[in-house]
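Colleague: I'm new to this one and would like to learn how to read it. Could you walk me through it, feature by feature?

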Amino acid sequence: MNTIVTDSPPVTAFELTDPSGVKEPEFEEVVVRVLNHLQPECMIFPFHPKVHHDDAVWMPDLAVVDKGFAYWFVVEVEITTHHLEKHVIPQVTAFCEGRYEENTAAILSAALNVKKERAETLLATIPRGVIVVSN
């Protein structure tokens, strides 16, 4: 097993592992920790509304929302064993172009601790980006 050490404070050691041995929930926990470290100006939380697109229903994994509500992203956490053309690309397309169910504003409202009207405004007026994080 290889080890990578960074010199940015605090000194951190990362062990190189076989990506096919990682389960998605375990990897998602790592993604949340890393995103919190890289994006301290954002709130990162589980985000699982149903999104309808092309007769299919998809659910994202996380959301990253700027604390000032200037921007936000839907995040899909994927592991290397998921097929790019049959699984990942259709999900990303759905999260960009699909119809989010009515309860999406309520999910955002609860996670962000804001009134539903503010969450509805975020959903309706602030363009969302879509990010795929893969191991």
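Colleague: Let's start with strand S7. How many residues of S7 are buried?

Modeller: This is a predicted model, so everything I tell you is computed from its atoms. In S7, 6 of the 7 residues are buried, so the strand is largely enclosed by the rest of the structure.

Colleague: And how do I read the sheet around it? In what order do the strands come?

Modeller: The general idea is that strands of a sheet pair through backbone hydrogen bonds, either parallel or antiparallel. Here 4 strands make an open sheet, ordered S3-S6-S7-S9, with mixed pairing. S3 (42-46) and S9 (128-134) are the edge strands, each pairing on one side only. On average, neighbouring strands are turned by 25° against each other, ignoring direction.

Colleague: Which pairs run parallel and which antiparallel?

Modeller: Take them one by one. S3 and S6 (residues 62-66) run antiparallel, joined by 5 bridges. S6 and S7 are antiparallel too, with 4 bridges. S7 and S9 run parallel and are joined by 7 bridges.

Colleague: Can I follow some single bridges across?

Modeller: Sure. Proline 46 has leucine 62 in S6 as its bridge partner, and leucine 62 in turn has valine 75 in S7. Further along, valine 77 is partnered by valine 133 in S9.

Colleague: What links S6 to S7 along the chain?

Modeller: They form a hairpin with 5 residues between them. In that turn, look for phenylalanine 69, which has a positive phi of about 60°.

Colleague: Now the aromatic rings. How many aromatic pairs does the structure hold?

Modeller: There are 3 aromatic pairs. One of them joins phenylalanine 45 and phenylalanine 47, edge-to-face, at 6.3 Å centre to centre with 90° between the planes. Another joins phenylalanine 47 and tryptophan 72, also edge-to-face, at 6.0 Å with 85° between the planes. Ring pairs thus link Phe45, Phe47 and Trp72 into a cluster.

Colleague: Why does the pair of phenylalanine 47 and tryptophan 72 tie together parts that are apart in sequence?

Modeller: Phenylalanine 47 sits in the loop between S3 and S4, while tryptophan 72 belongs to strand S7, so their pair ties together parts 25 residues apart in sequence. As for burial, phenylalanine 45 and phenylalanine 47 are both buried, and tryptophan 72 is buried as well.

Colleague: What else comes up beside tryptophan 72 in space?

Modeller: Try proline 127, in the loop between helix H4 (116-125) and S9. Its C-alpha atom is 7.4 Å from that of tryptophan 72, though the two are 55 residues apart along the chain. Proline 127 is exposed, because its relative accessible area is 67% and the exposed class begins over 50%.

Colleague: On to helices. Which strands does H3 touch?

Modeller: H3 packs on the sheet and touches S3, S6 and S7 (72-78), its direction making about 120° with that of S3. Threonine 104 is a good residue to click on in helix H3 (residues 104-112). Threonine 104 counts as buried, at 0% relative accessibility. Its side chain reaches the backbone oxygen of glutamate 101 at 2.7 Å. Beyond neighbours within four places in sequence, threonine 104 is in contact with Phe47, Pro49 and Leu123.

Colleague: How do I read the buried side of a helix such as H2?

Modeller: An α-helix has 3.6 residues a turn, so residues three or four places apart point the same way. In H2 (residues 84-97), the buried residues are Val88, Gln91, Ala94 and Phe95. What covers them includes S4 (51-53), S5 (56-58), S7, S8 (99-100) and S9.

Colleague: And H1?

Modeller: Look at valine 32 in helix H1 (residues 24-38). Valine 32 is partly exposed, with a relative accessible area of 24%. Leaving aside neighbours within four places in sequence, valine 32 is in contact with Ile44 and Leu62.

Colleague: Last one: how many disulfides are there?

Modeller: In general, a disulfide is a covalent bond between the sulfur atoms of two cysteines. Here the count comes to 0 disulfides. Cysteine 42 is buried, with a relative accessible area of 4%, whereas cysteine 96 is partly exposed at 43%.

Note on methods:
Residues numbered from 1 in each chain as written. Predicted model: local features only at pLDDT ≥ 70, side-chain atom pairs only at ≥ 80, totals over all residues. Heavy atoms only, no water. Helix = DSSP H or I, 4+ residues; strand = E, 2+ residues; numbered from the N terminus. Buried < 20%, exposed > 50% of the residue type's maximum accessible area, 1.4 Å probe, protein only. Polar contact = N/O pair within 3.5 Å; in protein donor to acceptor, adjacent residues only side chain to side chain. Contact = heavy atoms within 4.5 Å. Pairing = 2+ DSSP bridges. Axes fitted to C-alpha atoms, helices over the stretch in contact; angles between N-to-C directions. Disulfide = S-S within 2.5 Å. Phe/Tyr/Trp six-rings, centres within 6.5 Å; stacked < 30°, edge-to-face > 60°.
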